[in-house]
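Visitor: I would like to learn how to read a protein structure step by step. Could you take me through some features, giving the general idea before each case?

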Amino acid sequence: MNDVQTAIAALRESAERPPHLRDLFDADPGRGDRHALSHADLRLDYAKHRVDDEILTRLFALARARGLAERIEAMFSGAPVNETEGRAALHMALRAPEGVRFEVAGQDVVPDVHEVLGRMASFAERVRAGGWLGFTGRPIRNIVNLGIGGSDLGPAMACEALAAYADRGLTVRFVSNVDGTDLAETVRDLDPAETLFIVCSKTFTTQETLTNARSARDWCTRALGSEEAVARHFVAVSTQGDRVAAFGIDPERMFGFWDWVGGRYSLPSAVGLSLMIAIGPTRFREMLAGMRDLDEHFRSAPFEANLPVVMGLLGVWYGSFLGMQTHAVLPYDRYLRRFPAYLQQLDMESNGKRVDRAGEPVALDTAPVLFGEPGTNGQHAFFQLMHQGTRVVPADFIGFCQSLNPMGDHHDLLTANLLAQTEALAFGRTADEVRAAGVPEALVAHRTFPGDRPSSTLLVDRLTPASLGRLIALYEHKVAVQAAVWDINAFDQFGVELGKELAGRIGPELSGAAEPEHDSSTNAMIRHYRARRAPEGDV
């Protein structure tokens, strides 16, 4: 056997007899201190995981056998680690300071990054100061971002997360769904004369985004009475100047990015323009600094002290060796309520792969199904399954030591719930403990908690732009670690394309008369829809 096969075999042997959390803590009174890592304002407690020192050693051995260190360096050096598309994945360059070199095909890309950041900052400051005027001469007060996937999830999450730092005189909203209701409800109470649309589409051909952009343009020009209004009420985040100009947007108001920036990694690029307008260039750069700080930690820290490496390998242990197919991310802060949705794309679009980099079936199960809600809301929804269900759901709990909105004892109660949930999941309550509490025998089984449910806890001092940047980069690199161990390409997403290709065929058929040519189920639904769809022009 080679080194990879040996490491996998060793972990499969460990998985036959995984340790129980009660036993691990009983055997090691100092476990809580030993199994914790800190970096900057972030502390990771991973003591409540079903791993002992031997299992951790075997996980690190698998990472080394897979060449994780070499994969990390290849990514940071601008090598085409996205092999299927022949591209680099150099999103770290988006937060690099001036003077630091990141090269793609021998060219330093950092000066181009800062040129775009400078143009973004100038435009954002002008909008924030009321100096960018709409077609009728009134200042812009409403920003609507039109995008989908990474062009929506990243900035939408971050605008929510950093709302405490935003200009509350500005309204910033996001439209991604091609469902017309999304756009209609978003603009319903907005004044077109004070509304700016940011159209985020690298190719300026994304079907959902361009459909929404055309309808937004119609809404704007009808109200303002001229097609010339487009130039004052639309800007673009794209690389296609001709298409942007054909739409009516001044190419001088196009903010570009590059093919080495994947959509789900694009928040620190021009895709973050809506966020920069909301929180200002200074705060935006603080977020970039937080990302950069975690980048440097990931690149330089030994595996055993490396937060993304440890988190990534724990996920591999549960998903690939213990058969746990889901993962929960549970932020105990309302501002992070969109964070799980953002991570769904980052994790499942990146690592939802069934073949390795050579195109062969993967040797290990890959990405989990990821979900989450803020605490304490989730406790009254799906935590029942996590505590007493038949499926074990590993979880990340994210909390903050200081609230941005101190109010009585609210924050202590919130944090008490976070810590209590991790303790309850880990240790549960045995039948004997239930009986000792005086519970009638008929209810003992119902009140017993098996425990041994693993979780990580991330405690951050305070939610700031920099700490958000660290959290984002932490999960970005965790995903990269897992991709390396699974030997898959985390940076392509061909799985999203087939359905869109078929939608392009079906769309014209829904209003046509020709017999559709699909499977019998799809054909029947097309005929049913045709018979009941609203006539053209009906509302």
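Guide: Let us begin with angles, for which an axis is a line fitted to C-alpha atoms, taken for a helix over the stretch in contact, and the angle between N-to-C directions runs from 0 to 180 degrees. Please keep in mind throughout that this is a predicted model. With that idea in hand, helix α8 (residues 180–187) can be placed: it lies across β5, β6 and β7, and runs at about 170° to β6.

Visitor: Which order do the strands of the open sheet have, and what is their pairing?

Guide: In general, strands of a sheet pair through backbone hydrogen bonds, either parallel or antiparallel. Here the open sheet has five strands in the order β6-β5-β7-β8-β9, and the pairing is parallel. The edges are taken by β6 (171–175) and β9 (254–255), each of which has a single partner strand, so one side of each is left without a neighbour in the sheet.

Visitor: How many bridges join strand β5 to strand β7?

Guide: Five bridges join β5 (residues 142–146) to β7 (residues 195–200), and these two strands run parallel. To follow one of them by eye, start at V144, whose bridge partner in β7 is F197.

Visitor: Next I would like to understand salt bridges; how many does a search of the whole structure find?

Guide: The general idea is that side chains of opposite charge can pair when their charged atoms come close. A search of the whole structure finds 34 salt bridges. One of them is formed by the side chains of D41 and R470, at 3.2 Å from N to O. D41 lies in the loop between β1 (36–39) and β2 (42–45), whereas R470 lies in helix α20 (residues 465–486), so this pair ties together parts that are 429 residues apart in sequence.

Visitor: Are D41 and R470 buried or exposed?

Guide: A residue counts as buried when its relative accessible area is under 20%. D41 has 17% and is therefore buried, and R470, at 14%, counts as buried too.

Visitor: What about the salt bridge between R64 and E304?

Guide: The side chains of R64 and E304 meet at 3.1 Å, N to O. Because R64 lies in helix α4 (residues 53–65) and E304 in the loop between α13 (281–300) and α14 (307–321), the pair ties together parts that are 240 residues apart in sequence. R64 is partly exposed at 45% relative accessibility, and E304 is partly exposed with a relative accessible area of 38%.

Visitor: Where do D432 and R435 lie?

Guide: Both lie in helix α18 (residues 431–436), three residues apart, which is about one turn of the helix. They form a salt bridge whose closest N and O atoms are 3.1 Å apart. D432 counts as exposed at 58% relative accessibility, while R435, at 38%, counts as partly exposed. Elsewhere, salt bridges that share partners join R71, E83, R357 and D487 into one network.

Visitor: Finally, which backbone details should I look at?

Guide: Consider the angle phi, which has a positive value of about 55° at A105, although A105 is not a glycine. A105 is found in the loop between β3 (103–104) and β4 (107–108), and it is exposed, with a relative accessible area of 82%. D452, also a residue other than glycine, has a positive phi near 60°, and its place is the loop between α19 (441–447) and β13 (455–460). D452 is buried, with a relative accessible area of 9%. A further detail is the peptide bond from G375 to T376, which is cis, with omega near 10°.

Methods:
Residues are numbered from 1 along each chain as its sequence is written. This is a predicted model: local features need pLDDT of at least 70, side-chain atom pairs count only at pLDDT 80 or more; totals for chains, interfaces and linings use all residues. Side-chain values use heavy atoms; hydrogens and water are left out. A salt bridge is a side-chain nitrogen of Lys or Arg within 4 Å of a carboxyl oxygen of Asp or Glu. Helices (H or I, at least four residues) and strands (E, at least two) are DSSP runs, numbered from the N terminus. Buried means under 20% relative accessible area, exposed over 50%, partly exposed in between (1.4 Å probe, protein chains only). Two strands pair if DSSP finds at least two bridges between them. Contact means heavy atoms within 4.5 Å.
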